[in-house]
Amino acid sequence: MGDVRAAVAAVVDPEIRVVTIDELGILRDVAEDPATGRVTVTITPTYTGCPAMDVIRADIRRALAAAGHPEAEVRTVLTPAWSTDWISDSGRAKLAAAGIAPPAPVRRDGVVPLTLAVRCPRCGSPETEQVSRFGSTACKALWRCRACREPFDHLKAL
Ligand SMILES: [Zn+2]
């Protein structure tokens, strides 16, 4: 069972290839029916409008087939809705290393933070500006660093 979960957890996000679906918080559950051996994987999609979920489903099926479970079911659960808060610490570190600014945690108390500082993933400077609401995919916005002049992708916080 641990092997099955590990096989699924190792599936990488098709858009952000440096992080796994486990690190992004997309993977909710991997269950194996003790009687039939049938595996059910539960995932929660990230940003609506991201076409990546079909690819993720196919990749999960492929990983499970390779692990000896070709009959697996991939179930999508929308509640509770995925949030960028679900990205793990290792996922955030990998995003930063890849030049993608990880989203700041979303505050749940309704208080809007005064400054939405997005730090440059290359030099760490908070002197950044949004260039475009849409980066290389619908989930990312394009930002630029005023300190080192480098553009970078920023994952929109949800
Ligand atoms: Zn910079």
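**Exposed, buried, paired: reading the terms**

Reader: What makes R149 buried or exposed?

Author: This is a predicted model, and the call comes from counting neighbours in it. R149 has 10 other C-beta atoms within 10 Å. Exposed takes 12 or fewer. R149 is therefore exposed.

Reader: Where does R149 lie?

Author: R149 sits in the loop between β6 and β7.

Reader: What is the phi of R149?

Author: Phi of R149 is near 70°. That is a positive value in a residue other than glycine. Most residues other than glycine have a negative phi.

Reader: Which glycines have a positive phi too?

Author: Among them is G68, which follows α3 and has a phi near 95°. Another is G37, with a phi near 80°. G37 belongs to the hairpin of β1 and β2, where six residues lie between the strands.

Reader: What makes P80 buried or exposed?

Author: P80 has 9 C-beta neighbours inside 10 Å. The limit for exposed is 12. P80 therefore counts as exposed. Its place is the loop between β3 (73–76) and α4 (89–97).

Reader: Is the peptide bond from T79 to P80 cis or trans?

Author: Omega is near -5°, and the bond is cis. Most peptide bonds are trans.

Reader: How far apart are P80 and T44 in sequence and in space?

Author: They are 36 residues apart in sequence. Their C-alpha atoms are 8.3 Å apart in space.

Reader: How do you know what span helix α3 should have?

Author: Helix α3 covers residues 52–66, which is 15 residues. The rule takes 1.5 Å times one less than the number of residues. The expected span is therefore 21 Å. The end C-alpha atoms of α3 are 21 Å apart, so the two values agree.

Reader: Which residues of α3 are buried?

Author: They are A52, I56, I60, A63 and L64. They cover an arc of only 110° around the axis, which puts them on the same side of α3. In an α-helix, residues three or four places apart point the same way, because there are 3.6 residues a turn.

Reader: What does the face of α3 turned away from its buried side carry?

Author: It carries the exposed residues D54 and A66.

Reader: What does L64 touch?

Author: Leaving out residues up to four places away in sequence, L64 touches V4, A7, V8, V39, H69 and A72.

Reader: Which members of the largest nonpolar core touch the most other members?

Author: They are V8, I21, I26, V41, I56, I60 and L64, in a core of 32 residues. At least two core residues come from each of α1 (2–9), α2 (21–24), β1, β2, α3, β4, β6 (140–145) and β7. The largest share, five residues, comes from α3. Domain 1 (2–82) and domain 2 (99–155) each give this core at least three residues. In soluble globular proteins, nonpolar side chains tend to be buried together.

Reader: What makes β1 and β2 a pair?

Author: Pairing takes at least two bridges. Strand β1 (residues 27–32) and β2 have five, in the antiparallel sense. The two strands therefore count as a pair. In one of these bridges, A31 of β1 partners T40 of β2.

Reader: How many bridges join β2 to β3?

Author: Four bridges join them, and the strands run parallel. V41 has V74 of β3 as its bridge partner.

Reader: Which residues of β2 are on its covered face?

Author: In β2 (residues 39–43), V39, V41 and I43 are on the covered face. T40 and T42 are on the uncovered one.

Reader: What makes β4 and β5 edge strands?

Author: They belong to an open sheet of four strands, in the order β4-β7-β6-β5, with mixed pairing. β4 (100–101) and β5 (128–132) each pair on one side only.

Reader: How do you know that β4 and β7 pair?

Author: Two bridges join β4 to β7 (residues 151–155). The threshold is at least two, so the strands pair. They run parallel. One bridge sets I100 against D153 of β7.

Reader: How many helices and strands does the protein have?

Author: It has four helices and seven strands. Along the sequence the pattern is α-α-β-β-α-β-α-β-β-β-β.

Reader: What percentage of the protein is buried?

Author: Buried residues make up 30% of its 158 residues.

Terms used
Residues numbered from 1 in each chain as written. Buried ≥ 20, exposed ≤ 12 C-beta atoms within 10 Å, placed from the backbone. Arc of directions from axis to C-beta. Core = buried A, V, L, I, M, F, W, Y, C linked by C-beta atoms within 7 Å. Domains from an automatic or database assignment. Contact = placed C-beta atoms within 7 Å.
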